[in-house]
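Reader: Hello! I am new to protein structures and would like a close look at pockets. Could you take me through one of them?

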Number of protein chains: 2
Amino acid sequence: MTYTIKEVSEKTNLSIYTLRFYDKQGLLPFVARNHSGYRIFTDGDLNLLKTICCLKDTGMKIKDIRTYINYVMAGPSTIKERKKLLLSHRQAVLAVQQKITENLAEIDYKLDIYGSTDATKIVTAEYDFVAAEKESNQLPNPYQAT
Amino acid sequence: MTYTIKEVSEKTNLSIYTLRFYDKQGLLPFVARNHSGYRIFTDGDLNLLKTICCLKDTGMKIKDIRTYINYVMAGPSTIKERKKLLLSHRQAVLAVQQKITENLAEIDYKLDIYGSTDATKIVTAEYDFVAAEKESNQLPNPYQAT
DNA sequence: TTAAACCCTCGACCGTACTCTATGGCAAGG
DNA sequence: CCTTGCCATAGAGTACGGTCGAGGGTTTAA
């Protein structure tokens with residue numbers, strides 16, 4: 001089974017523009033062409049494209065994805081380099097994941113306040129505090145709290 | 001206690017450029033100025049800045065952060081809107097978090113293969129498979145597998 | 001009082017990742 | 001054969017989030 005760029009676009013939720021852009025960036029050297037230059041995707045190509053999306057969606061730069069793809073194109077002799085690249089990326093993703101979890105806790109904390117029955121009271125107290133702080137430093141109060 | 005932009009830059013790991021950029025974008029309407037136009041940050045300002053970073057680091061657009069900050073500046077009457085905004089953002093963050101977890105599993109799967117004693121064997125088998133697929137569709141084999 | 005080290009604004013520039021337009025070739029049905 | 005709807009490329013444009021340089025005022029401490 002083979003696929004046109006349009007079909008791949010529908011399967012991957014990448015726009016046709018993006019697919020062509022990725023090709024131009026050297027991310028799709030494995031995609032064949034027919035006699036008139038049309039791209040022909042195979043299922044194997046879709047798999048690799050899925051890997052590309054996986055790396056992209058975890059924040060890897062196109063340049064680094066290209067490096068990975070080039071390793072893949074070069075065959076089993078590059079397994080060590082692939083492993084190194086993915087391990088380092090894995091660490092970056094873990095760091096991002098942890099940061100998101102921390103920030104989410106912060107957001108949830110704020111939501112707890114906003115959702116509480118005392119929300120107005122708490123928020124007003126915060127205003128009073130920062131207003132006092134501004135005043136104690138002879139600074140204007142920028143808040144329009146009512 | 002008050003802080004200069006340089007001190008805030010060191011405390012937040014945001015560059016001075018970025019702080020001024022955020023101000024220009026309307027994210028820091030609460031920051032006071034001295035008689036010659038220098039920004040003067042208070043501890044309360046640092047708190048709000050921390051919230052800004054929290055939202056930014058979870059992928060919120062500057063435009064939406066500005067909306068949130070404007071709600072904060074307007075006082076307790078905007079609690080409902082703040083809650084709505086943060087709840088919707090929370091959903092977006094949860095979705096990102098889940099996607100990252102899924103992609104991380106995919107990366108770990110690949111790392112398992114690359115780290116296995118059979119790595120070369122497995123990768124070679126994959127090559128054989130995609131090469132056969134290309135051939136069965138009369139397409140050239142783009143891989144340089146050795 | 002002067003030099004070093006700050007601070008300011010404005011606007012240009014940059015990197016990343018697309019997104020689209022213009023122009024033109026190919027394919028399949030009526 | 002011709003129209004409709006794909007496909008292609010090159011290159012311009014966009015969105016976003018910074019980053020920087022020029023030009024000029026301020027603060028601090030010797």
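Author: Happily; what follows is a walk around the largest pocket, with a glance at the second largest pocket at the end. This is a predicted model, in which local features need pLDDT of at least 70, side-chain atom pairs count only at pLDDT 80 or more, and totals for chains, interfaces and linings use all residues. Residues are numbered from 1 along each chain as its sequence is written, chains are lettered from A and ligands numbered from 1 in the order in which they are written, and side-chain values use heavy atoms, with hydrogens and water left out.

A pocket is an open set of points on a 1 Å grid over the protein atoms alone, where a 1.4 Å probe fits and protein lies on both sides within 12 Å along at least five of seven lines; lining residues have an atom within 4 Å of a point. The largest pocket holds about 760 Å³ of space, a volume being the space filled by probe spheres set on the points.

Its lining has 29 residues, and nearest the centre lie A:K110, B:N47, B:L48, B:K50 and B:T51. α3(B) gives the most, 10 residues. α5 (79-115) and α6 (119-136) of chain A, and α1 (5-12), α3 (43-57) and α4 (62-74) of chain B, each supply at least two. Helices here are DSSP runs (H or I, at least four residues), numbered from the N terminus.

Now for the second largest pocket: about 480 Å³ of space lies there. Among the 20 residues lining this pocket, A:N47, A:L48, B:K110, B:E126 and B:V130 lie nearest its centre. Here α3(A) gives the largest share, six residues.
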